[in-house]
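The following exercises are to be worked through with the sequence and the coordinates at hand. Each task is followed by a solution in steps.

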Amino acid sequence: MSELVRRWREQGLSIGLVPTMGALHEGHASLIRRARRGNDRVVVSIFVNPAQFGPGEDYARYPRALSRDLALCRRCGADAVYHPGVSQVYPEGFSTAVQVSGLSERLEGKFRPGHFRGVATVVLKLLETTRPERAYFGEKDYQQLTLVRRMASDLDLGVAIVGCPTARQPDGLALSSRNAYLSPRERALAPAIHAALVAARGLARGGASPKAVERRARARILASIPQARVDYVELVDARTLRPAERARGRLRLLAAVWLGKTRLIDNIPVFN
Ligand code: AMP
């Protein structure tokens, strides 16, 4: 991979990177197409990163579908797919980690300790290997996008981090590789998460307090999906991800919800 991108760079070609964990869907496809429009060469990485899964999380059962993924990459115009093995990314003796303080500990970080250290470390390695001008991340994982932006800026990586809107099913459910875990019944209930965020956003726009907005979203999720478990619903500053003090300015409403054994995350922008 390094050799290939070195040759491209020598020819003056710009490179766009789309990092993924595979089991690709239309959300990933939208990132690849966006990268295709903005760069001479597009690399998609497919790596299920063990370092970002906690003990007891779904690393072993995370969906893997390489041949379908390769077909999707080709269809969307990718020039190369980087699919390293675990021992290539983390050879014997590997002992370095990237910690983005503050941002790593909020929201997802509270429920998935160590997750963002794994994300930041692997993203830095992928950027080093592929040396792109631009790297594409989905707003679906809004905290991840914010943290990668912070890392790229703090470490002077010289790569533009491009955020891309969340692709959804017609009923509002955000596309996710983990949706494959849902039973038909859970799948039918899952759009209630997005619907609750949208309804609560209406309250925020009407000037309700952040706490009232969060309470409304949580109550609406539980009313629609009584068996759901809500890890968090939080209205935060869109840049710092600190809790919003009032429903003013550029905010983001984020949620993480368990449906049975599946943990889903979603978020929407709130401008006031
Ligand atoms: P993943 O393979 O789930 O780690 O995701 C790889 C990239 O695709 C990340 O930047 C995600 O934010 C992005 N992504 C995942 N789902 C969606 C979606 N529904 N819409 C847009 N981007 C997404």
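For sorting the residues of a lining by class, Ala, Val, Leu, Ile, Met, Phe, Trp, Tyr, Cys and Pro count as nonpolar, Asp, Glu, Lys and Arg as charged, and the others, Gly among them, as polar. The model to which this is applied is a predicted one.

**Exercise 1. The largest cavity**

Task: Determine which residues line the largest cavity and how the lining divides by class.

Solution.
Step 1. A search of the whole structure gives one cavity of 30 Å³ or more. The volume of the largest cavity is about 60 Å³.
Step 2. Its lining is made up of Lys 140, Leu 173, Ala 174, Asn 179, Ala 190, Pro 191, Ile 193, His 194, Leu 264, Ile 265 and Asp 266. Two or more of the lining residues come from each of helix H9 (191-205) and strand E8 (262-271).
Step 3. Sorted by class, this lining has seven nonpolar, two polar and two charged residues.

**Exercise 2. The second largest pocket**

Task: Describe the lining of the second largest pocket and state which element gives the most to it.

Solution.
Step 1. The space in this pocket is about 240 Å³.
Step 2. Its lining has 13 residues, of which Leu 103, Thr 146, Arg 150, Arg 239 and Thr 240 are the closest to the centre.
Step 3. Helix H7 contributes four residues, the most of any element.
Step 4. The division by class is six charged, four polar and three nonpolar residues.

**Exercise 3. The nonpolar cores**

Task: Identify the residues that touch the most other members of the largest nonpolar core, and the element with the largest share of this core.

Solution.
Step 1. The largest nonpolar core has 39 residues, and Val 123, Met 151 and Ile 161 touch the most other members.
Step 2. Among the elements that give two or more residues to this core are helix H1 (2-10), strand E1 (15-20), helix H6 (115-130), helix H7 (142-154) and strand E7 (250-259). With eight residues, H6 has the largest share.
Step 3. A separate second core has 29 residues, including Leu 173, Leu 189, Ala 200 and Val 230.

**Exercise 4. Two residues compared**

Task: For Met 151, and then for Arg 187, state the element, the exposure and the contacts.

Solution.
Step 1. Met 151 belongs to helix H7. Its relative accessibility is 2%, and therefore Met 151 counts as buried, the limit for this class being under 20%.
Step 2. Leaving aside residues up to four places away in sequence, Met 151 touches Val 98, Val 100, Ala 120, Val 123, Leu 124, Leu 127 and Leu 157. From Met 151 to Gln 99 the distance is 8.8 Å, C-alpha to C-alpha, although the two are 52 residues apart in sequence.
Step 3. Arg 187 lies in helix H8 (residues 184-189). With a relative accessible area of 25%, Arg 187 is partly exposed.
Step 4. With residues up to four places away in sequence again left out, Arg 187 touches Gln 169, Asp 171, Leu 173 and Leu 182. The C-alpha atoms of Arg 187 and Val 122 are 31 Å apart, with these positions 65 residues apart along the chain counted as their separation.

**Exercise 5. Paired strands**

Task: State how E1 runs relative to E2, and how E6 runs relative to E7, parallel or antiparallel.

Solution.
Step 1. E1 and E2 run parallel and are joined by six bridges. Leu 17 has Val 43 in E2 as its bridge partner.
Step 2. Strand E2 (residues 41-46) has five of its six residues buried, so the rest of the structure largely encloses it.
Step 3. E6 and E7 run antiparallel, and eight bridges join them. The bridge partner of Val 233 is Ala 255 in E7.
Step 4. Of the nine residues of E6, seven are buried, so E6 is largely enclosed by the rest of the structure.

**Exercise 6. Positive phi values**

Task: Explain where Ala 23 and Arg 131 are found, and whether each counts as buried or partly exposed.

Solution.
Step 1. Most residues other than glycine have a negative phi.
Step 2. Ala 23 has a positive phi, near 50°, and is found in the loop between E1 and helix H2 (26-38). At 13% relative accessibility, Ala 23 counts as buried.
Step 3. Arg 131 also has a positive phi, near 45°, and is found in the loop between H6 and E4. Its relative accessibility of 46% makes Arg 131 partly exposed.

Notes. Residues are numbered from 1 along each chain as its sequence is written. This is a predicted model: local features need pLDDT of at least 70, side-chain atom pairs count only at pLDDT 80 or more; totals for chains, interfaces and linings use all residues. Side-chain values use heavy atoms; hydrogens and water are left out. A nonpolar core is a set of buried Ala, Val, Leu, Ile, Met, Phe, Trp, Tyr and Cys residues joined through side-chain atoms within 4.5 Å. Buried means under 20% relative accessible area, exposed over 50%, partly exposed in between (1.4 Å probe, protein chains only). On a 1 Å grid over the protein atoms alone, a cavity is a set of points where a 1.4 Å probe fits but cannot get out, and a pocket is an open set with protein on both sides within 12 Å along at least five of seven lines; lining residues have an atom within 4 Å of a point. Grid points are joined across faces, edges and corners, and a volume is the space filled by probe spheres set on the points. Two strands pair if DSSP finds at least two bridges between them. Contact means heavy atoms within 4.5 Å.
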